[in-house]
Amino acid sequence: LTAMGEASMDPTISADSTAQQDSLFSMTDVFLISLITGLFTYWFFFRKKKEEVPDLPKMQTVAAPVRDSSFIEKMKKTGRNIVVFYGSQTGTAEEFANRLSKDAHRYGLRGMAADPEEYDLSDLSRLSEIDKSLAVFCMATYGEGDPTDNAQDFYDWLQEADADLSGLRFAVFGLGNKTYEHFNAMGKYVDKRLEELGAQRIFELGLGDDDGNLEEDFITWREQFWPAVCEHFGVEATGEESSIRQYELVVHTDVNMNKVYTGEMGRLKSYENQKPPFDAKNPFLAQVTENRKLNEGGERHLMHLELDISNSKIRYESGDHVAVYPANDSSLVNQIGEILGTDLDTVMSLNNLDEESNKKHPFPCPTSYRTALTYYLDITNPPRTNVLYELAQYATDAGEQERLRKMASSAPEGKALYLSWVVEARRNILAILQDMPSLHPPIDHLCELLPRLQARYYSIASSSKVHPNSIHICAVTVEYETKTGRLNKGVATNWLKSKVPDQNGSSSLVPMYVRKSQFRLPFKPSTPVIMIGPGTGIAPFIGFIQERAWLKQQGKEVGETVLYYGCRHEREDYLYREELARFQKEGVLTQLNVAFSRDQAEKVYVQHLLKKNKENVWKLVNEGMAHIYVCGDARNMARDVQNTFYEIVSEFGNMSQPQAVDYVKKLMTKGRYSLDVWS
């Protein structure tokens, strides 16, 4: 500052004459000294202020994450001895973790459910500091044997860790789906790796299968798990399972409506004031600029939607997934309100009774019951047994109460009744309330019990090279009649179907974000690709072909691009017929093989066309080093296609069946056989 003061005076001084300088010297001197002294004094205090004030907050910000990330300190502080970590993509593993942590009180123990993303898992080595301590892991497997988003850091740590976990006692329950190649890979890996690091397994690994009855698998494991815990710690059950509320209801009669959530996933008013980056907790509101029916006939409704992502800074690659947050049908919401005799526009909060919990509310609060049932809660899937158990107390008819308790029990007849009356009949919470007239639970308890409404994932049907400001979706509306004669509709697909741009040019809005995928085109455009995707499984391949066409236009050498597509009838549901014909005419799509499964007496599927062209397929794979991509149904199609590749490899590679299987598995390991499948 002194230097600046001096410099600013220089031009004035040099402009004066020598005589004036002599005569005014004392005045100038006094003026300069006063100015310098003043500036120095100001600077001195200003500097001290700047130095001292930030010191305290700086210390706090450093200390806070350390304290917050230690689950050991939290357990000690709150008297917990069981921690249940969950790796959850759709909320089920989190739900199971909450149920296990609530179970603990029956055995004189105290549990807490924990998101591994929020804690430092290297603290597992310190868990033995707590008496009768145990770590349970409810781990879902996502995609092709991958960890869920919130368990990625934990997975990375396990791979790199050389920690001594000899004092840790643990148990693992995995959530998977047998139709997938890497069934329960995450659960199996966590169980194996913890043992390798010296931890003690106190109960066997549980493997839940969502293709079968995941709820029954969990209950069966759970009813054997707790006796093993009792035996290990020498404790006994203190009594029957009792209903314990986790949240307390607060009704807001005089509330500022600007402080009330209206469907936002994270930040209040985030839909009115959008700020990147956009993700699961901060979705972008994309405008639907196109929504057209793809099929020409048949009972189903197949559609192509285009979402405008201009000015969102969202970037995507061909093969990525777009996640959309749907809304429940308003008629279902209204019917629940009518049966329970509730004013759905009541503004309320559900506050966690455990003040130390990181999860303050089951969903964003304060909000109205209508908003919660529309945007936050799953009201269309059959409820799990713990929900039935908790609801039973509100049935005034003894027979209905007994029936609910029976279905929630672990007795074989109870499991069978739950399977037939709830799961196979696809009874959702509304159907259960309708079919049990004496059942009138308080709506706040019902909202506490119902699981969260989850985002739905779709394979992106466009290339960002061609459509940088637009994401395309290809989907089929889900609609079916249940055994009770009710018409059940898929939440997301029917909601998307209604999102049509109106005549005024304004568009419907869809909350969305992009999830990165490993489903990627080869690094070298000259590498051949074989794409197999019947039905809406064609979605990512539209993006792949668009990208290969763009690369060709850029003067790049593009390898053979081969598509195996299938649908029911050529004249009904041949999706993207014109686009595919154009790509073939332009020479981008070098082979277009289409199986019309129901246009002849014998059904023809994509695997039959692969067998028909087996020599060409083998040549592309063996000599051309082609990459293979399969998208669509995991239960039948993906497995049948894989078996067909085993046959082709065995025949033309002169290999035994086990050798052929090994060959295809190695293609997968090298990233040359990729799957994007669902069940």
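## Exercises on helix packing and an open sheet

In this predicted model, the crossing of helices α10 and α11 is right-handed.

**Exercise 1.** Work out how α10 and α11 are oriented to each other, and which residues make their contact.

*Solution.* Begin with the geometry: α10 (residues 330-339) and α11 (residues 369-376) pack at an angle of about 135°, their axes lying 10 Å apart. Angles over 145 degrees count as roughly antiparallel and those from 65 to 115 as roughly perpendicular, while the rest, apart from those under 35, are oblique; the two helices are therefore oblique to each other. Turning to the residues, α10 brings Val-333, Asn-334 and Ile-336 to the contact, and α11 brings Arg-370, Leu-373 and Thr-374. By character, three residues of this contact are nonpolar, two are polar and one is charged.

**Exercise 2.** Find the order of the strands in the open five-stranded sheet, and name its edge strands.

*Solution.* The order is β21-β20-β19-β22-β23, and the pairing is parallel. The edges are β21 (591-596) and β23 (673-678), each of which pairs on one side only. Within the sheet, β19 (residues 529-532) is joined to β20 (residues 561-567) by four bridges, and Ile-530 has Val-562 as its bridge partner in β20.

**Exercise 3.** Identify the buried residues of α14 and the helices against which they pack.

*Solution.* In α14 (residues 412-424), the buried residues are Gly-414, Lys-415, Leu-417, Tyr-418, Trp-421 and Val-422. These buried residues pack against α9 (214-233), α12 (385-392), α13 (398-407) and α15 (429-435). Following α14 comes Arg-426, which has a positive phi near 50°.

Key: Residues are numbered from 1 along each chain as its sequence is written. This is a predicted model: local features need pLDDT of at least 70, side-chain atom pairs count only at pLDDT 80 or more; totals for chains, interfaces and linings use all residues. Side-chain values use heavy atoms; hydrogens and water are left out. Buried means under 20% relative accessible area, exposed over 50%, partly exposed in between (1.4 Å probe, protein chains only). Contact means heavy atoms within 4.5 Å. Axes are lines fitted to C-alpha atoms, for helices over the stretch in contact, and angles run from 0 to 180 degrees between N-to-C directions. A crossing is left-handed if the near helix is turned anticlockwise from the far one by less than a right angle, and right-handed if clockwise. Ala, Val, Leu, Ile, Met, Phe, Trp, Tyr, Cys and Pro count as nonpolar, Asp, Glu, Lys and Arg as charged, and the others, Gly among them, as polar. Two strands pair if DSSP finds at least two bridges between them.
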